[in-house]
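Here are some exercises to work through with the model open beside you. Try each task yourself before you read its solution.

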Amino acid sequence: MRGAGPLHWAALHDPSKGGMLLASDLSRHSAVDKALGKALLSGLPVAGMILYSTRRIGEEIIAKTIRMGVGALVTWSVPFLGAVELAERRELVLVGKLDPRGFGVYAGKNRLGCTSDG
């Protein structure tokens, strides 16, 4: 149902400059690809940027994020276990369950200065 509009969103945020690139698609993978592609086509370096996705994160999205050099990946959902394991091995900051009350850091706690689970 293409007429229903996008179901998944992705955004690349540059915390140092405050800029943001948005992309949407019926597929969460395509939304992420579009956001990263917009950055590439614009000549924007994505190193250190934060990638946000509106759906669950799997290993494939983690792999894309790592290949592109993105600094952190955030979702409102819970990431899959394989994604958490890959992010942890590659020291990617992975945040899930993001909502106004808080969030969970699933991987990369050491990069955020977290020393415990609390």
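**Exercise 1.** Find the residue just after α3 that takes a positive phi, and give its angle. Then look for a residue with a positive phi that follows α2.

*Solution.* Step 1: go to the end of α3, and just after it you meet Glu91, which has a positive phi of about 60°. Step 2: now do the same for α2, which is followed by Gly69. The phi of Gly69 is positive too, near 85°.

**Exercise 2.** How far can you trust what you see? Give the mean pLDDT of the protein and the elements with the lowest and the highest mean values.

*Solution.* Step 1: remember that this is a predicted model. Step 2: take the overall figure, a mean pLDDT of 89, with 91% of the residues at 70 or more. Step 3: compare the elements. Strand β2 (residues 20-25) has the lowest mean pLDDT, 92, while helix α3 (residues 81-89) has the highest, 96. Step 4: keep a word of caution in mind: where pLDDT is low, the predicted coordinates should not be read in detail.

**Exercise 3.** Which residues of α1 are buried, and why are they on the same side of the helix?

*Solution.* Step 1: locate α1, which runs over residues 28-42 and has 15 residues. From its first C-alpha to its last it reaches 21 Å, close to the 21 Å expected at 1.5 Å a residue. Step 2: pick out the buried residues, meaning those under 20% relative accessible area. In α1 they are Ala31, Val32, Ala35, Leu36 and Ala39. Step 3: look along the axis. These residues cover an arc of only 125° around it, so they sit on the same side of α1. Step 4: turn to the other side of α1, where Leu40 and Leu41 are exposed. Step 5: ask what covers the buried residues of α1; the answer includes β1 (8-13), β2, β3 (50-53) and α2 (59-68).

**Exercise 4.** Name the buried residues of α2 and of α3, and say what they pack against.

*Solution.* Step 1: in α2, the buried residues are Ile61, Ile62, Lys64, Thr65 and Ile66. Their cover includes α1, β3, β4, α3 and β5. Step 2: in α3, Gly82, Ala83, Val84, Leu86 and Ala87 are buried. The buried residues of α3 pack against α2, β5 and β6.

**Exercise 5.** Trace the strand pairing from β3 to β6, and decide for each pair whether the strands are parallel or antiparallel.

*Solution.* Step 1: β3 and β4 pair in the parallel sense over four bridges. In this pair, Tyr52 stands opposite Val74 in β4. Step 2: β4 (residues 72-75) also pairs in the parallel sense with β5 (residues 93-99), over three bridges. Here Val74 stands opposite Val95, and the bridge partner of Ala72 is Val93. Step 3: β5 and β6 (residues 102-107) run antiparallel, joined by four bridges. Leu94 has Ala107 as its bridge partner, and Gly96 has Gly104. Step 4: look at the link between β5 and β6. They form a hairpin, with two residues between them.

**Exercise 6.** Which β-α-β units contain β4, and how are its two faces covered?

*Solution.* Step 1: read along the chain up to β4. β3, α2 and β4 make a right-handed β-α-β unit. Step 2: carry on from β4. β4, α3 and β5 make a right-handed unit as well. Step 3: check the faces of β4, which are both covered. Ala72 and Val74 are buried on one side, Leu73 and Thr75 on the other.

**Exercise 7.** Is Lys17 buried or exposed, and where does Lys17 lie?

*Solution.* Step 1: find Lys17 in the loop between β1 and β2. Step 2: compare its relative accessible area, 70%, with the cut-off: exposed means over 50%. Lys17 is therefore exposed. Step 3: for a distance, take Lys17 and Leu112, which are 95 residues apart along the chain. Their C-alpha atoms are separated by 19 Å.

Key. Residues are numbered from 1 along each chain as its sequence is written. This is a predicted model: local features need pLDDT of at least 70, side-chain atom pairs count only at pLDDT 80 or more; totals for chains, interfaces and linings use all residues. Side-chain values use heavy atoms; hydrogens and water are left out. pLDDT is the predictor's confidence in each residue, from 0 to 100. Two strands pair if DSSP finds at least two bridges between them. A crossover is right-handed if, with the strands pointing away from the viewer, the path from the first strand over the helix to the second runs clockwise. The expected span of a helix is 1.5 Å times one less than its number of residues. Buried means under 20% relative accessible area, exposed over 50%, partly exposed in between (1.4 Å probe, protein chains only). The arc is that of the directions from the helix axis to the C-beta atoms. Contact means heavy atoms within 4.5 Å.
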